[in-house]
Amino acid sequence: MRQVAFDTPGEPSVLYVADVPVPEPMTGQVLIKVVAAGVNGPDLFQRQGNYPTPPDASPVLGLEVAGEIAAIAEGETRWQVGDRVCALVPGGGYSEYVLTWAGHCLPVPQGWSMTEAAALPETFFTVWGNLFMRGALKRSETVLLHGGSGGIGTAAIMLAKASGCRVIATSGTEEKRNYCLAMGADAAFDYHDDAFVEPTLAFTEGRGVDVVLDISAGKTINANLKVLAMDGRMLSIATRSGRMAEVDVALLMFKRIVWTGSALRPQTVAAKAQIAAQLRHQVWPLLERGMLKPTIHKVYPLEQVAEAHSLMEAGSHVGKVMLAL
């Protein structure tokens with residue numbers, strides 16, 4: 001089968017397509033014949049050498065796919081060969097075939113293309129696991145979402161609005177902020193130089209927001225603390241502005257703020273299966289009714305994977321970048 005590989009970390013040009021054997025599923029696993037795969041931030045960081053692969057994961061890039069079940073481990077009964085699924089995968093998604101755990105698969109929503117379905121797992125698992133499971137976001141609360149025009153941000157806007165929440169998004173250009181508004185955000189502000197602080201406080205009439213989903217870290221942390229309301233929650237899921245932050249601990253104390261964070265890939269098989277189960281129960285009915293749909297910015301053939309990574313790094317995309325197999 002064809003599979004994207006790289007020998008040493010570096011620029012997108014280090015990526016190439018190799019011929020490798022098709023893997024076989026072990027207990028609890030299924031083999032998926034991949035039709036489409038998503039390109040995500042962790043793929044870029046791994047290619048750059050900045051995202052170590054967990055010991056039990058594939059070192060091959062790619063964390064979400066859609067396709068058909070091609071083989072099933074003995075004793076596995078949740079799926080049948082030929083089932084159309086999208087899935088979170090432990091690496092290896094940039095391949096014609098990929099292994100994943102049966103509990104990390106979800107059915108392709110009725111009427112959806114494989115490309116649309118492949119845009120769901122990484123972002124929806126991340127957003128649901130953080131905003132709703134760790135952050136306990138509730139109806140009528142206000143959430144601030146950084147990077148609202150990217151794949152994570154778009155999914156977060158849709159899921160938060162579908163849950164009856166008020167959404168403030170940040171993005172770096174007027175075009176992207178308008179996109180956030182078109183996706184359902186109630187307000188969209190510039191994030192440069194903490195420009196979102198004053199308009200966010202004005203928009204909430206000085207109260208602040210209940211939850212912040214942060215992809216920046218670094219110097220953004222103190223600005224987040226300023227806009228959080230009493231008993232607010234801050235969820236850190238990426239470090240695009242740097243891993244280190246100088247934090248005003250007094251704000252944490254006086255506002256009784258809960259600050260937590262997570263990375264999806266290192267979580268246990270059982271933890272990710274629990275997220276999948278909640279998504280199927282709570283979110284998949286909305287997808288089936290056409291209430292939510294990801295924005296696909298551009299689709300590249302597998303052989304143009306370097307161009308897909310270059311586009312992501314340029315930051316000019318709005319929505320998801322995909323690979324077609």
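**Cavity, sheet and pocket in the predicted model**

One cavity of 30 Å³ or more is found in a search of the whole structure. The structure is a predicted model. The largest cavity holds about 50 Å³ of space. Its lining is formed by A119, T123, F124, G150, G151, T154, A155, M158, P294, T295, G319 and K320. Two elements give two or more residues each to this lining: helix 3 (121–134) and helix 4 (151–162). Helix 4 contributes the most, with four residues. By class, the lining of the largest cavity comprises five nonpolar residues, six polar residues and one charged residue.

Helix 3 is mostly covered, with 12 of its 14 residues buried. The buried set runs through P121, E122, T123, F124, F125, T126, V127, W128, G129, N130, L131 and F132. T123 and F124 thus appear both among the buried residues of helix 3 and in the lining of the largest cavity. After helix 3 comes A136, which has a positive phi, near 50°.

Helix 4 also takes part in a strand connection. The chain leaves strand 8 (residues 142–145), and four bridges tie strand 8 to strand 9 (residues 166–171) in a parallel arrangement. The path from strand 8 to strand 9 passes through helix 4, and this β-α-β crossover is right-handed. Within the pair, L144 lies opposite I168 of strand 9.

Strand 8 is covered on both faces. T142 and L144 are buried on one side, and V143 and L145 are buried on the other. Strand 8 also runs parallel to strand 11 (residues 209–214), to which three bridges join it. Here L145 has L213 of strand 11 as its bridge partner.

What is the relative accessibility of I168? This residue of strand 9 has 0% relative accessibility and therefore counts as buried, the cut-off being under 20%. The C-alpha atom of I168 is separated by 9.5 Å from that of V212, although the two residues are 44 apart along the chain.

These strands belong to an open sheet. Six strands make up the sheet, in the order 10-9-8-11-12-13, and their pairing is parallel. Strand 10 (187–190) and strand 13 (258–261) are the edge strands, each pairing on one side only. From one strand to the next, the twist averages 20°. Further along this order, strand 11 runs parallel to strand 12 (residues 228–236) and is joined to it by five bridges. V209 has L228 of strand 12 as its bridge partner.

Antiparallel pairing is found around strand 3 (residues 29–39). Nine of the 11 residues of strand 3 are buried, so the rest of the structure largely encloses this strand. Strand 3 is joined to strand 4 (residues 64–72) by seven bridges, and the two run antiparallel. One partnership in this pair links A37 to V65 of strand 4. Strand 6 is also antiparallel to strand 3, with five bridges between them. L31 is the bridge partner of L99 in strand 6. Strand 15 (residues 320–324) is a further antiparallel neighbour, joined to strand 3 by four bridges. In that pair, A36 is matched with A324 of strand 15.

Strand 6 (residues 97–101) also borders an open space. It supplies four residues to the lining of the second largest pocket, the largest share. About 210 Å³ of space lies in this pocket. The pocket is lined by 18 residues, of which P23, S58, G91, V98 and L99 are closest to the centre. The lining of the second largest pocket divides into 11 nonpolar, six polar and one charged residues. L99 thus has two roles in this description: it is the bridge partner of L31 in strand 3, and it is among the residues closest to the centre of the second largest pocket.

Conventions. Residues are numbered from 1 along each chain as its sequence is written. This is a predicted model: local features need pLDDT of at least 70, side-chain atom pairs count only at pLDDT 80 or more; totals for chains, interfaces and linings use all residues. Side-chain values use heavy atoms; hydrogens and water are left out. On a 1 Å grid over the protein atoms alone, a cavity is a set of points where a 1.4 Å probe fits but cannot get out, and a pocket is an open set with protein on both sides within 12 Å along at least five of seven lines; lining residues have an atom within 4 Å of a point. Grid points are joined across faces, edges and corners, and a volume is the space filled by probe spheres set on the points. Ala, Val, Leu, Ile, Met, Phe, Trp, Tyr, Cys and Pro count as nonpolar, Asp, Glu, Lys and Arg as charged, and the others, Gly among them, as polar. Buried means under 20% relative accessible area, exposed over 50%, partly exposed in between (1.4 Å probe, protein chains only). Two strands pair if DSSP finds at least two bridges between them. A crossover is right-handed if, with the strands pointing away from the viewer, the path from the first strand over the helix to the second runs clockwise. Axes are lines fitted to C-alpha atoms, for helices over the stretch in contact, and angles run from 0 to 180 degrees between N-to-C directions.
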